[in-house]
Amino acid sequence: MHSTTSESPAPEPPSGSGPPGPPSGAGPSSGARQPASDDAHPPLPATAEQALKIAVVGGFGAGKTTLVRSVSEIRPLSTEETMTRAGDGIDDTDGVEAKHSTTVAFDFGRITLDATSVLYVFGAPGQERFWFLWDRLFSGSLGAVVLVDTRRLEDSWYAIDRLEAQGTPFIVAHNDFGDTDHTLEQVRAALDLDPGVPLVRCDARVRASAKQVLIALVRHVRSLVCEGSR
Amino acid sequence: MTRSHRQEGPDRLYVITSGRSGGADDSLDAVTLVVAESGPVPGMQSEHARILELCHSPMAVVEVSAHLRLPVMIVRILLTDLLDTGRITARHPRPAPSPARPLASPDVLEKVLVALHDL
């Protein structure tokens, strides 16, 4: 009576080496002394005590992993969350009434802010069927970035609806692969985006551009805070 | 532990948690920072020992999960074991934003902006 449905849409290519965790050369578990703090994953300061998070959501291939990699001080890590809930038809397994275990992979990177604070940036697939996981994983986020690819705008609709409904501050970033002729106005219209939601263009491969996306988000959140305190 | 948990059947995860699928400390957020308060001791479950090694410096729950190659849900159960026995301590995100108060404080936002500009 137990059916496991594995849905592992992320990480996006090119993630390089497949499975998450230590470098592939880490060898078997004989490396009991294997530290987590190799060059690609320096440890946090001992004084680190406050962690913040930003979620980057988008459809497959929108560039979430690329954006995370561009801003992260560590080589991005990947892991999975698994949750079990009553089957509700999402898995097209007619007649199976058992509980479904859904597994979703996600990537994340890290930016140390100062001696006490660290920011985690998560990349996560934005499709409807994953949101029950994100609701938990990303609750308490500073805000979210919806990364859109104009070739597949419809991938973003659900994420935008959901973030609006949750009241999570977010911005939309159009990851421009250089192959689209859409103006931001056209993208905004196609997404039916609220005028209060910032829309920016970026090249997720470029650190300076990716960091501007995060800056735009945090500025937006700050403006909301200021409005709220007036 | 070279295999990804993606190739693990549920059986191994069942064994690692002694059959538990719940009982994790609900306050353990994805980015709660975990710090070891003592080192591994002989006879300890290997996953517990590995966590204590990993958390010599503070490490977020999701990072522990990635390094152990175990799903976050399983890691939360293992971390709860160690919290309950005082072998680790947890530094939770604060203040925990809530639906009623979802936004971060201006001080925190300034700090984030400064750090991002310096990237």
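What percentage of the 119 residues of chain B count as buried? In this predicted model, 43% of them do.

**Figure 1. Overall view of chain B in the predicted model.** Chain B contains 5 helices and 3 strands. Read from the N terminus, its elements follow the order α-β-α-β-α-α-β-α. Of the contacts that link residues at least 6 apart in sequence, 69% are formed between residues at least 24 apart.

**Figure 2. Close-up of the sheet of chain B, an open sheet of 3 strands.** The strand order is β2-β1-β3, and the pairing is antiparallel. The edge positions are taken by β2 (59-60) and β3 (88-91), each of which pairs on one side only.

**Figure 3. Close-up of the pairing between β1 and β3 of chain B.** Strand β1, spanning residues 33-36, is connected to β3(B) by 4 bridges, and the two strands run antiparallel. Within this pairing, B:Val34 has B:Ala90 of β3(B) as its bridge partner. Strand β3 itself covers residues 88-91 and is an edge strand of the sheet.

**Figure 4. Close-up of helix α4 of chain B, residues 72-84.** The helix comprises 13 residues, and the distance from its first C-alpha to its last is 18 Å. This span is close to the 18 Å expected at 1.5 Å a residue. Just after α4(B), B:Gly86 adopts a positive phi of about 75 degrees.

**Figure 5. Close-up of the buried residues of α4(B), a mostly covered helix.** Of the 13 residues in this helix, 10 are buried. The stretch from the start of the helix contributes B:Val72, B:Met73, B:Ile74, B:Val75, B:Arg76, B:Ile77, B:Leu78 and B:Leu79 to the buried set. B:Asp81 and B:Leu82 are also buried. The buried set therefore includes residues such as B:Arg76 and B:Asp81 as well as B:Ile74 and B:Leu78, a residue counting as buried when 20 or more other C-beta atoms lie within 10 Å of its own. In an α-helix, residues three or four places apart point the same way, because there are 3.6 residues a turn.

**Figure 6. Overall view of chain A, shown for reference beside chain B.** Chain A has 5 helices and 8 strands. From the N terminus, the elements are arranged as β-β-α-β-β-β-α-β-α-β-α-β-α. Buried residues constitute 42% of the 230 residues of this chain. Among its contacts with a separation of 6 or more, 75% involve residues 24 or more positions apart.

Methods: Residues are numbered from 1 along each chain as its sequence is written. Chains are lettered from A and ligands numbered from 1 in the order in which they are written. This is a predicted model: local features need pLDDT of at least 70, side-chain atom pairs count only at pLDDT 80 or more; totals for chains, interfaces and linings use all residues. A residue is buried if 20 or more other C-beta atoms lie within 10 Å of its own, exposed if 12 or fewer, and partly exposed in between; C-beta atoms are placed from the backbone. Two residues are in contact if their C-beta atoms, placed from the backbone, lie within 7 Å. The expected span of a helix is 1.5 Å times one less than its number of residues. Two strands pair if DSSP finds at least two bridges between them.
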